[in-house]
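Please open the structure in your viewer and keep the selection panel at hand. The tour below moves from one selection to the next and says what is there.

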Amino acid sequence: MKTIEYRIFSIKKSIPKNIKILAVSKNQDISSIKKVYQTGHRDFGENYIQEMILKYKKLPKDIRWHMIGRIQSNKLKYIVPFINLIHSVQRIEHLKIINKEALKYNRIINCLLQIKICNEKNKSGITNKKVHEILENDHYKNMKNVKIIGLMGMATFHGSIQKIRHEFDYLNKIYNECKNKYKYSVLSMGMSRDYPIAIECGSTLIRLGTFFFGKKNIQ
Ligand SMILES: *Cc1c(COP(=O)(O)O)cnc(C)c1O
C-alpha cells in the first residue's frame with residue numbers, strides 16, 4: 001500500500017508543473033484530509049455545500065476550497081465568505097446570488113461554467129450556446145463581484161479512450177474559443193481515471209478523489 005504522501009509526491013512529479021491538482025475530499029473524514037494537508041497540499045474540492053461548511057470549520061483556514069457539485073441555490077450564500085473557486089455554475093441566477101453575497105464581503109468570486117460533454121444522465125452541464133448567452137447577458141456584464149474564469153466538464157465514466165478524448169477535445173475547443181475574448185485561464189477537466197487524457201487534451205486543473213484517498217470512505 002502506497003501512502004498518501006507518496007502518491008501526491010509521485011503525481012506532482014509526473015505531470016507538467018502548470019497543471020493544478022484539486023484533491024476531491026467528498027465523503028472523506030477530517031483526519032484523511034489532514035494527512036493530505038500536511039503534505040503541503042492546499043486545494044480541496046467538495047460536492048455538497050453543507051459538507052464543505054462542516055469541514056471548513058474544522059480545518060485550517062489557509063485551505064483553498066473548491067465547489068464542484070451541483071449547486072443548491074438556497075445554500076450558496078454560506079460558502080461565499082470563503083470559497084476559492086466554484087466549478088459548477090450553470091445558471092445566471094447562481095451568478096446573481098454569488099454576486100450579491102460577495103459584495104457584502106467585498107470579495108470577487110471566481111467561477112467556472114460547467115459544460116455537458118457526455119451523454120450520461122447523471123452528469124449535468126450547459127451547452128456551448130448557453131455559455132455565450134450567459135457571458136453576453138447584460139446582468140452578468142454588470143456584475144462586479146463575480147468573474148467567470150473558465151470551464152469545467154466531466155467525461156463519460158466508462159467510455160473508451162477515444163470517446164473520452166473526443167469529449168475532452170470538444171471542451172478544449174469551446175475553451176479556446178472563449179479564452180482570449182473572455183480572458184479565461186482555467187480548464188477544469190480530468191478525474192482519477194481519465195486525467196492523463198485530460199492533460200493531453202489541454203486541461204489546466206485536474207480533480208482527483210479516488211487517486212488521493214482510495215475507494216474507502218466514511219459513508
Ligand atoms: C467525485 C468527483 C471527482 C473525483 O472523482 P474521482 O474519480 O474519485 O477522482 C471529480 N470531479 C467531480 C465533479 C466529482 O464529483
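UniProt annotations, which are given here in the numbering used for this chain, may be inferred rather than shown by experiment. With that in mind, select Lys-26, where an unreviewed UniProt entry places the feature "modified residue: N6-(pyridoxal phosphate)lysine". The model on your screen is a predicted one, and what follows should be read as a description of that prediction.

Stay with Lys-26, which sits in the loop between strand 1 (20–24) and helix 2. Is this residue buried, partly exposed or exposed? Its relative accessibility is 34%, and because buried means under 20% and exposed over 50%, Lys-26 counts as partly exposed. Now add its contacts to the selection: leaving aside residues up to four places away in sequence, Lys-26 touches Gly-45, Glu-46, Asn-47, Glu-51 and Lys-55.

Two of those partners, Glu-51 and Lys-55, lead to the next stop, helix 3 (residues 49–58), in which Ile-49, Glu-51, Met-52, Ile-53 and Lys-55 are buried. An α-helix has 3.6 residues a turn, so residues three or four places apart point the same way. To see what lies over the buried residues of helix 3, select helix 2 (30–37), strand 2 (43–46) and strand 3 (64–67), which are included in their cover.

Move next to Asn-145, in the loop between helix 6 (138–141) and strand 6 (146–154). With a relative accessibility of 9%, Asn-145 counts as buried. Its contacts, again without residues up to four places away in sequence, are Asn-99, Ala-102, Leu-103, Asn-106, Arg-107, Ile-108 and Ile-109.

Now widen the selection to residues 3–215, where the unreviewed UniProt entry places the feature "domain: Alanine racemase N-terminal". This span is 40% helix and 20% strand, and its end C-alpha atoms lie 14 Å apart.

Finally, select the whole protein chain, which has nine helices and eight strands and whose C-alpha trace spans about 55 × 40 × 30 Å along its principal axes. The chain has a radius of gyration of 17 Å, which agrees with the value near 17 Å that a compact globule of 219 residues would have. Of these 219 residues, 52% count as buried, and among contacts with a separation of 6 or more, 59% are between residues 24 or more positions apart. If you colour by charge, you will find 41 positive and 17 negative side chains, with the centres of the two sets 4 Å apart.

How values were computed:
Residues are numbered from 1 along each chain as its sequence is written. This is a predicted model: local features need pLDDT of at least 70, side-chain atom pairs count only at pLDDT 80 or more; totals for chains, interfaces and linings use all residues. Side-chain values use heavy atoms; hydrogens and water are left out. Helices (H or I, at least four residues) and strands (E, at least two) are DSSP runs, numbered from the N terminus. The radius of gyration is taken over C-alpha atoms; the globule rule is 2.2 Å times the number of residues to the power 0.38. Buried means under 20% relative accessible area, exposed over 50%, partly exposed in between (1.4 Å probe, protein chains only). Contact means heavy atoms within 4.5 Å. Lys and Arg count as positive and Asp and Glu as negative; His and the chain ends are not counted. The place of a charge is taken as NZ of Lys, CZ of Arg, CG of Asp or CD of Glu.
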